[in-house]
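User: I would like to learn how to read a protein fold. Can we work through one with short questions?

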Amino acid sequence: MSRGFVKEDDQEEAPIIPPRAALPAGETNYVTPNGLKELKEEEEKFTAERANLDKENETERRRAQAVIDGNLKLLRERISTARVLDPKEQPEDEVRFGALVELKQNGNIQKFQIVGVDEADVKKQKIAFVAPIAKAVTGKKVGDKIDFKLGEEIRKLEILKITY
């Protein structure tokens with residue numbers, strides 16, 4: 001079709017919807033009870049945002065709605081595949097999903113909680129269960145020493161404390 005027959009307004013580009021945090025293929029989407037609560041709060045936020053879109057500029061409203069709808073679709077997929085693991089139901093003497101782990105690494109004390117991929121936030125000391133360090137310490141007990149390979153470097157880790 002010649003460009004002469006196409007209105008410029010019809011040439012809208014599809015919005016880019018950023019993907020959610022990576023969940024490796026074949027991995028179960030484990031979440032803590034708090035992680036599921038956060039996902040549902042995010043869904044409510046998007047739903048409210050969609051309901052309150054500015055109706056003045058039709059093109060901008062359509063774009064904003066497409067972004068919200070795309071984010072909602074990805075979010076609802078995550079919620080529907082979520083498998084809640086309650087940290088309180090984990091064995092207290094070993095590192096499992098939901099554990100707050102305190103370890104010594106090269107003389108430094110490090111603390112983090114092992115959580116689902118959507119809940120992970122390094123600033124809040126929460127790491128995803130699929131992260132290499134989380135995999136390295138899972139199943140270990142207080143006092144266990146681990147050789148953790150980080151690139152070409154091998155770091156010595158020692159589990160100091162496990163809490164749920």
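Here are questions and answers on the sheet, the cores, the aromatic rings and some single residues.

Analyst: This is a predicted model, so local features need pLDDT of at least 70, side-chain atom pairs count only at pLDDT 80 or more, and totals for chains, interfaces and linings use all residues. Residues are numbered from 1 along each chain as its sequence is written, and side-chain values use heavy atoms, with hydrogens and water left out.

User: What is the order of the strands in the open sheet?
Analyst: Strands (E, at least two residues) and helices (H or I, at least four) are DSSP runs numbered from the N terminus. Two strands pair if DSSP finds at least two bridges between them. The open sheet has 5 strands and mixed pairing, and its order is S5-S4-S3-S7-S6.

User: Which are the edge strands?
Analyst: An edge strand here pairs on one side only. The edge strands are S5 and S6, the latter covering residues 145-150.

User: Do S3 and S4 run parallel or antiparallel?
Analyst: Strands of a sheet pair through backbone hydrogen bonds, either parallel or antiparallel. S4 covers residues 108-115, and 6 bridges join S3 to it. Lys 104 stands opposite Ile 109 in S4, and the bridge partner of Leu 103 is Gln 110. S3 and S4 run antiparallel.

User: In which sense do S4 and S5 pair?
Analyst: Gln 113 has Lys 126 in S5 as its bridge partner. There are 3 bridges between S4 and S5, and the sense is parallel.

User: Which residue in the turn of the S3 and S4 hairpin has a positive phi?
Analyst: The hairpin leaves 2 residues between S3 and S4. The residue in question is other than glycine, with phi near 50°. At 49% relative accessibility it counts as partly exposed (buried is under 20% relative accessible area, exposed over 50%, partly exposed in between, with a 1.4 Å probe and protein chains only). The residue is Asn 106.

User: What is phi of Gln 125 near?
Analyst: Gln 125 lies in the loop between S4 and S5. At 46% relative accessibility, Gln 125 counts as partly exposed. Its phi is positive, although the residue is other than glycine, and is near 60°.

User: How many residues does the largest nonpolar core have?
Analyst: A nonpolar core is a set of buried Ala, Val, Leu, Ile, Met, Phe, Trp, Tyr and Cys residues joined through side-chain atoms within 4.5 Å. Val 95, Val 101, Phe 112, Ile 114, Val 137 and Ile 159 have the most contacts inside the largest one. That core has 22 residues.

User: Which element gives the largest share of this core?
Analyst: S3, S4, S5, H3, S6 and S7 (153-163) each supply at least two residues of the largest core. The largest share, 4 residues, comes from H3.

User: How many residues are in the second, separate core?
Analyst: Its members include Val 31, Leu 36, Ile 68 and Leu 75. The second core has 9 residues.

User: How many aromatic pairs are there?
Analyst: Rings of Phe, Tyr and Trp (its six-membered ring) pair if their centres lie within 6.5 Å; planes under 30 degrees apart count as stacked, over 60 as edge-to-face and the rest as tilted. The count comes to 3.

User: Why is the pair of Tyr 30 and Phe 97 tilted?
Analyst: The ring centres of Tyr 30 and Phe 97 are 5.9 Å apart. Tyr 30 lies in S1 and Phe 97 in the loop between S2 and S3, so the pair ties together parts that are 67 residues apart in sequence. The planes of the two rings are at 45°, so the pair is tilted.

User: Which type of aromatic pair do Tyr 30 and Phe 129 form?
Analyst: Phe 129 lies in the loop between S5 and H3, 99 residues from Tyr 30. Phe 129 is buried, with a relative accessible area of 12%. The ring centres of Tyr 30 and Phe 129 are 5.5 Å apart, with 75° between the planes, and the pair is edge-to-face.

User: Is Leu 23 buried or partly exposed?
Analyst: Leu 23 is found in the segment before S1. Its contacts (heavy atoms within 4.5 Å), leaving aside neighbours within four places in sequence, include Arg 78, Val 117 and Phe 129. At 24% relative accessibility, Leu 23 counts as partly exposed.
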